[in-house]
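Grab a pencil and work through these short exercises with the structure open beside you. Each one comes with a solution that goes step by step.

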Amino acid sequence: MADALVVLSLVLVAGSATAAVLTRDPVRQCLVLSLLGLGLAVLFTVLQAPDVALSQVAVGAALTPLLILLTARKVRRRGRDRAE
């Protein structure tokens, strides 16, 4: 049973990492990156590393995508201001 959970988690991580690479829109990339962080947190939990999983949820699934979204928003706004 535990092996099946590890394999399922690895498939989720590999699929979301591939989707993050293939996605071109930065906003969608952030959402897929957040899904990748959650998948890694699940994998760490299955591998009995709950402290690493909590750190991954905080940083990989929440903070990093949020910072990227805020940066993309500021870059787009600055581009619009210069175009006018």
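**Exercise 1.** Find out which sign phi takes at Gln48, just after H2.

*Solution.* Go to the stretch just after H2 and read the backbone angle at Gln48: phi is positive, about 65 degrees. Keep in mind that this is a predicted model.

**Exercise 2.** Work out how the span of H2 compares with the expected one.

*Solution.* Start with the limits: H2 covers residues 26-46, which makes 21 residues. Next, take the span from the first C-alpha to the last, which is 30 Å. That is close to the 30 Å expected at 1.5 Å a residue.

**Exercise 3.** List buried residues of H2 and say what they pack against.

*Solution.* The buried set is Cys30, Val32, Ser34, Leu36, Gly37, Gly39, Ala41 and Leu43. These residues pack against H1 and helix H3 (50-83). Now pick Leu43 and look across to Leu8: the two C-alphas are 8.8 Å apart, though 35 residues separate them in sequence. Leu8 sits in helix H1 (residues 2-22). Is Leu8 buried or exposed? Its relative accessible area is 57%, and the cut-off for exposed is over 50%, so Leu8 counts as exposed.

**Exercise 4.** Track down the salt bridge and place both partners.

*Solution.* Searching the whole structure turns up 1 salt bridge. Its partners are Asp25 and Arg76, at 3.3 Å from N to O. Asp25 lies in the loop between H1 and H2, while Arg76 belongs to helix H3, 51 residues away, so the pair links distant parts of the chain. Finally, check exposure: Asp25 is partly exposed at 28% relative accessibility, and Arg76 is partly exposed at 41%.

Conventions:
Residues numbered from 1 in each chain as written. Predicted model: local features only at pLDDT ≥ 70, side-chain atom pairs only at ≥ 80, totals over all residues. Heavy atoms only, no water. Helix = DSSP H or I, 4+ residues; strand = E, 2+ residues; numbered from the N terminus. Buried < 20%, exposed > 50% of the residue type's maximum accessible area, 1.4 Å probe, protein only. Expected span 1.5 Å × (residues − 1). Contact = heavy atoms within 4.5 Å. Salt bridge = Lys/Arg side-chain N within 4 Å of Asp/Glu carboxyl O.
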